[in-house]
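Please find below some short notes on the model. They are set out as numbered points, to be read beside the sequence and the coordinates.

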Amino acid sequence: MIRWLFIIFMVLILFSSVLPWLEKLGIGRLPGDLRFSIFGKKIFLPFASTILVSLVVFMLARFV
């Protein structure tokens, strides 16, 4: 259980550090991604990008 939490934490850190580069490719600005501001805080909910990245990882894992 601790191993999975550590892996998820590391993936989130990696994804957040690579996000500016991915936004140049269009990931993070798809039609299903929500960006809004509440009380001066910017909130980003990447629903479509998460599905796209999950499908790519699934296909890579399936064929490797």
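1. W4, F6, I7, F9, M10, V11 and I13 together make a nonpolar surface patch of about 720 Å². The model is a predicted one, and the patch should be read as a computed feature of that prediction.

2. One of the patch residues, I13, lies in helix α1. Its relative accessible area is 40%. I13 therefore counts as partly exposed, because that class covers values between the buried limit of under 20% and the exposed limit of over 50%.

3. Helix α1 runs over residues 2-25, which makes 24 residues. From its first C-alpha to its last, α1 reaches 33 Å, close to the 34 Å expected at 1.5 Å a residue.

4. The helix is nevertheless bent: at L19 the bend in α1 is about 55°. A proline, P20, follows within four residues of that point.

5. What follows α1, and what is the sign of its phi? The residue is G26, and its phi is positive, near 105°.

6. F44 belongs to strand β2, which spans residues 41-46. With a relative accessible area of 25%, F44 is partly exposed. This value is not under 20%, so F44 is not classed as buried.

7. Leaving aside residues up to four places away in sequence, F44 touches L19, G28, D33, L34 and R35. Among them is L19, the residue at which α1 bends. G28 is also in contact with F44; the two lie 16 residues apart along the chain, and their C-alpha atoms are separated by 8.8 Å.

Terms used
Residues are numbered from 1 along each chain as its sequence is written. This is a predicted model: local features need pLDDT of at least 70, side-chain atom pairs count only at pLDDT 80 or more; totals for chains, interfaces and linings use all residues. Side-chain values use heavy atoms; hydrogens and water are left out. Helices (H or I, at least four residues) and strands (E, at least two) are DSSP runs, numbered from the N terminus. The expected span of a helix is 1.5 Å times one less than its number of residues. The bend at a residue is the angle between axes fitted to the seven residues ending there and the seven starting there. Patches are made of residues with over 30% relative accessible area and no salt bridge: like charges are joined within 9 Å, nonpolar side chains (Val, Leu, Ile, Met, Phe, Trp, Tyr) within 5 Å. Accessible areas come from the Shrake-Rupley method with a 1.4 Å probe; for residues, only the protein chains shown count as cover. A salt bridge is a side-chain nitrogen of Lys or Arg within 4 Å of a carboxyl oxygen of Asp or Glu. Buried means under 20% relative accessible area, exposed over 50%, partly exposed in between (1.4 Å probe, protein chains only). Contact means heavy atoms within 4.5 Å.
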